[in-house]
Structures are given as structure tokens and as C-alpha cells.
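Work through the exercises below with the sequence and the structure open. Try each task before reading its solution.

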Amino acid sequence: GLLLRVGRTNPAFFMHSDTLFVNYVREWIRPPVEVYSLSPFVNMTGVDLGYRTTLGPYLIEGQAYTGYSQFNTPYTTLKLRDLFGARLLVSADSLSVQVSYANAHLTTNTRYGMNDRLYSALDRAGFSHIKNEIEGDDSRSRYASIGFRYDSDVANLSGEYAKRTVSKYFASA
């Protein structure tokens with residue numbers, strides 16, 4: 001049950017991160033935006049190590065990954081570097097429970113001088129230090145989630161609680 005992947009993979013921030021864009025494997029019409037919009041980073045470049053085994057009636061999957069990711073908008077570049085994450089899934093009969101955690105350095109930079117006028121106004125008003133709260137490369141970004149799925153002959157239930165904690169540039173949610 002050992003799996004090693006090198007290259008571009010999906011970081012396991014949330015319970016269904018690996019199947020987010022494969023519609024036929026999900027039980028819902030759309031994944032909950034409240035959870036899956038917490039991270040715009042849908043892929044990473046790096047190393048992914050997974051292990052799957054059974055222990056009595058339990059299927060246990062563990063995964064650790066490291067790498068970097070980048071997300072571009074027309075005017076901003078977001079980067080996760082030194083990304084490290086881990087995921088543990090335990091399944092028995094009809095119930096699966098997963099916990100995951102990831103931590104990275106976050107960098108955000110605007111492009112094409114988009115904020116130049118704003119920064120000039122802040123300098124004139126004596127608030128030039130606010131630029132360091134809008135963009136830069138010294139933020140930490142953390143993702144944590146716990147989710148479950150119950151799938152039997154009569155019911156299919158799933159739920160997930162996720163949290164994004166960012167030290168600068170964005171709100172935690």
C-alpha cells in the first residue's frame with residue numbers, strides 16, 4: 001500500500017480535494033462553496049507519499065506531501081512555498097472520517113502597478129506601513145479540516161468542517 005508521486009498533484013486540504021474536478025465520483029451536485037473556496041490552490045508541484053493498509057475491520061490511509069503552489073488572477077499572483085501537509089483517513093463499514101492539516105508560507109504580489117495609486121495615497125497620508133499588510137512574502141497560511149462520510153443502502157450523509165488561518169493579506173475563515 002505505499003504510493004510515491006512526484007510532480008503536479010492536488011494538496012489534500014479538504015476531504016474531496018483529490019476528486020474536486022471529477023464530477024462523477026461526488027455525491028453532490030456541487031461541493032460546498034463555504035469549504036472548497038477557502039483555498040484557491042487546486043494543485044501543487046512537489047512530492048506526495050501515501051500509505052494504505054487494513055487493521056482489522058478498518059481501512060487506514062495516510063498521506064504526507066510537500067511542495068509549492070501558485071495561483072494567478074489577472075492582477076495578482078499568490079504563491080504557497082514550503083508547503084507541507086498531512087492527511088489521515090479511517091474507514092470502517094459505511095463510515096469514513098478524515099482529518100487533514102497543511103502549513104505554508106504565503107506570498108502575494110499585485111501586477112501591472114495595480115495598487116500604485118493606493119500606495120502613493122497611503123505614503124502621502126503617513127500610512128506607508130499598510131502596504132506590508134496588503135502584499136508581501138512574510139505570511140503563514142494554514143488549512144485544517146475534519147470530515148465524515150456515511151454511505152449505506154438507505155442513506156448518504158457527509159459533512160466537513162474546515163478552517164483557513166492566514167497571518168496577513170487575507171482574512172482567516
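**Exercise 1.** In the chain, where is confidence lowest and where is it highest?

*Solution.* The model is predicted, and each residue carries a pLDDT from 0 to 100. Start with the whole chain: the average pLDDT is 88, and 92% of the residues score at least 70. Then go element by element. Helix α1 has the lowest confidence, with a mean of 80. Strand β2, residues 44-55, has the highest, at 96.

**Exercise 2.** Describe how β2, β3 and β4 are paired.

*Solution.* Take β2 and β3 (residues 58-72) to begin with. They run antiparallel and are joined by 11 bridges. One pair to find in the model is G50 and its bridge partner in β3, Q63. The two strands form a hairpin with 2 residues between them. In that turn, G56 has a positive phi of about 60 degrees.

Next take β3 and β4. Their pairing is also antiparallel, over 13 bridges. N72 stands opposite T77 in β4. This hairpin has 3 residues between its strands.

**Exercise 3.** Which residues of the largest nonpolar core touch the most other members?

*Solution.* The core has 20 residues. Those touching the most other members are F13, F14, F41, Y65, L80, L83 and Y143. Two or more core residues come from each of α1 (33-36), β4 (76-92), β5 (95-110) and β7 (156-166).

Now look at F41 alone, leaving aside neighbours within four places in sequence. Its contacts include F13, L80 and Y143, and also P11, S69, Q70 and L106. In soluble globular proteins, nonpolar side chains tend to be buried together.

Technical notes. Residues are numbered from 1 along each chain as its sequence is written. Side-chain values use heavy atoms; hydrogens and water are left out. A nonpolar core is a set of buried Ala, Val, Leu, Ile, Met, Phe, Trp, Tyr and Cys residues joined through side-chain atoms within 4.5 Å. Buried means under 20% relative accessible area, exposed over 50%, partly exposed in between (1.4 Å probe, protein chains only). Helices (H or I, at least four residues) and strands (E, at least two) are DSSP runs, numbered from the N terminus. Contact means heavy atoms within 4.5 Å. pLDDT is the predictor's confidence in each residue, from 0 to 100. Two strands pair if DSSP finds at least two bridges between them.
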